[in-house]
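Q: I'm new to this one, could you walk me through it? Let's start with the cysteines and then go on to the sheet.
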Amino acid sequence: MTETPPIYDNVPGNYYDKYNTRNPIARYLMNGFLDSFDELTVKTGARKVYEVGCGEGNLSMRLHDRGWDVRGSDLEISSVAESNQQCAKRGIAPRFEARSLFDLTRKEASAELVICCEVLEHVPQTQRALAVLKSLANPYLLLSVPREPIWRILNLARGKYITDLGNTPGHIQHWSSANFIDMLGKTMKVVEVRTPLPWTMVLCRCD
């Protein structure tokens, strides 16, 4: 029997606040990511969202501020606390909880759109994680991962993680866009793909 991963106070790899960076190059790249995120979420026509691996809640709150009903969870306790602080600032009840992806069930986490961005590269059991996500998505699932080897090349270009050949700490899975899309297409319908540098973002249907 496989043990459920514990809830952590700090997950390796969450070193950089890319959503609020002031670096102009990083800000340009993040704008591309967010533009793709906006385009694909709108295409679903969904209004109820569950974000798996919500981090500090930036993506969920982006949707909430546009009138979407959002909930979510994260493995990292401190990130969940920050997410719920964002709820408090908006005068709404907490929407996020500390949960392992592998503990989520349809009863509590199913939604018209399930979002799992910048998570799978940290997860050791990819197929098991995808099976859970697919079971929650009713019918849409939006996923994003770093696009390799571009991600590591850009890290090396800025002098980061040299001894690890540009690999961000905590990233244990690596996919090119083609490999990631091919993997998803084996168990779900790929609807739309975006490749904002340096990510792969895929919208799938799971019905």
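A: One term first: buried means under 20% relative accessible area, exposed over 50% and partly exposed in between, computed with a 1.4 Å probe on protein chains only. This is a predicted model, where local features need pLDDT of at least 70, side-chain atom pairs count only at pLDDT 80 or more, and totals for chains, interfaces and linings use all residues. Residues are numbered from 1 along each chain as its sequence is written, and side-chain values use heavy atoms, with hydrogens and water left out.

Q: Okay, is Cys-116 buried or exposed?
A: Cys-116 counts as buried, because its relative accessibility is 1%.

Q: And how many disulfides are there?
A: Taking a disulfide as a pair of cysteine sulfur atoms within 2.5 Å, the count is zero. For Cys-116, the nearest cysteine sulfur belongs to Cys-117 and lies 7.3 Å away.

Q: Why is there no bond from Cys-204 to Cys-206?
A: Their sulfurs are 6.1 Å apart, which is too far for a bond, although the one in Cys-206 is the closest cysteine sulfur to that of Cys-204.

Q: Switching topic, what order do the strands of the sheet take?
A: Strands here are DSSP runs of E with at least two residues, numbered from the N terminus, and two of them pair if DSSP finds at least two bridges between them. Seven strands form an open, mixed sheet in the order 3-2-1-4-5-7-6.

Q: Which strands stand at the edges?
A: Strand 3 (96-98) and strand 6 (189-194) do, each with a single partner strand, so one side of each has no neighbour in the sheet.

Q: How many bridges join strand 1 to strand 2?
A: Five bridges join strand 1 (residues 48-52) to strand 2 (residues 69-74), and the two run parallel. Lys-48 stands opposite Asp-69 in strand 2.

Note on methods. Helix = DSSP H or I, 4+ residues; strand = E, 2+ residues; numbered from the N terminus.
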